[in-house]
Amino acid sequence: CFDLQCDGKGYNAATYRLKIRYDDLAIIKAIREFIGHGGIYRCKKDNHNSRVQMMISGADKLANLVVSVFDLCPLRAKKARDYALWKRGIELLQITKSRPRVFRTGKARLGYISKWKEEERAEFVGLCKQLKEIRKYVEPPMEKKRQWLEGFLGGFFTRDELKRKVT
């Protein structure tokens with residue numbers, strides 16, 4: 001799942017999540033080892049099946065690890081549209097991160113936030129809304145996800161080959 005979060009008040013973030021059945025934990029571990037980063041978490045039961053998810057957050061990690069993988073191994077199904085929107089969100093987060101930050105106080109948050117240009121903020125909020133709308137479609141059956149993951153790990157690139165292509 002490609003996710004962008006924004007509250008319109010300065011909180012903006014991005015995450016990549018991959019959720020599968022718990023009995024396929026070895027696949028998630030192999031993907032984490034291949035990418036070189038990511039937290040693995042057990043989810044509460046969903047339709048009587050326990051699930052596990054890998055999550056990566058932070059614009060720099062996402063741009064350097066996840067985006068580089070999906071640029072080398074492009075998606076060709078419904079998630080390709082999600083990925084294009086999400087990737088643009090990552091680019092916006094990186095652009096604003098490079099600017100000087102301002103100190104912000106408030107009831108909920110105290111800290112530094114990046115300076116956004118109004119058109120960038122509006123575009124990011126629009127991307128968040130589009131991804132939220134897209135997510136309303138029904139997820140494919142787990143068996144198809146498992147076949148895709150096994151095919152992905154089955155030999156597009158080894159981790160060393162991927163590192164050479166990215167660097």
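A charge sits over a ring if NZ of Lys or CZ of Arg is within 6 Å of the ring centre and within 35 degrees of the ring normal. One such case appears in this predicted model: R42 lies over the face of Y22. The distance from the ring centre is 3.8 Å.

Ring-to-ring contacts come next. A pair of aromatic rings is described by the distance of the centres and the angle of the planes. The structure holds eight aromatic pairs. One of them joins F2 and W86. Their centres are 5.0 Å apart and their planes meet at 45°, so the pair is tilted. F2 belongs to strand β1 (residues 2-6), while W86 belongs to helix α3 (residues 79-97). The pair therefore ties together parts that are 84 residues apart in sequence. Burial was examined for both residues. Buried means under 20% relative accessible area. F2 has a relative accessible area of 4%, so F2 is buried. W86 has a value of 0%, so W86 is buried too.

Y16 and F70 form an aromatic pair as well. Their centres lie 5.8 Å apart, with 65° between the planes. This pair is edge-to-face. Y16 is found in strand β2 (residues 12-21) and F70 in helix α2 (residues 59-72). Parts that are 54 residues apart in sequence are therefore tied together by this pair. Both Y16 and F70 are buried.

The two pairs share a wider grouping. F2 and W86 belong to one aromatic cluster with Y16 and F70. Y83 is also a member of this cluster.

Notes. Residues are numbered from 1 along each chain as its sequence is written. This is a predicted model: local features need pLDDT of at least 70, side-chain atom pairs count only at pLDDT 80 or more; totals for chains, interfaces and linings use all residues. Side-chain values use heavy atoms; hydrogens and water are left out. Rings of Phe, Tyr and Trp (its six-membered ring) pair if their centres lie within 6.5 Å; planes under 30 degrees apart count as stacked, over 60 as edge-to-face and the rest as tilted. Helices (H or I, at least four residues) and strands (E, at least two) are DSSP runs, numbered from the N terminus. Buried means under 20% relative accessible area, exposed over 50%, partly exposed in between (1.4 Å probe, protein chains only).
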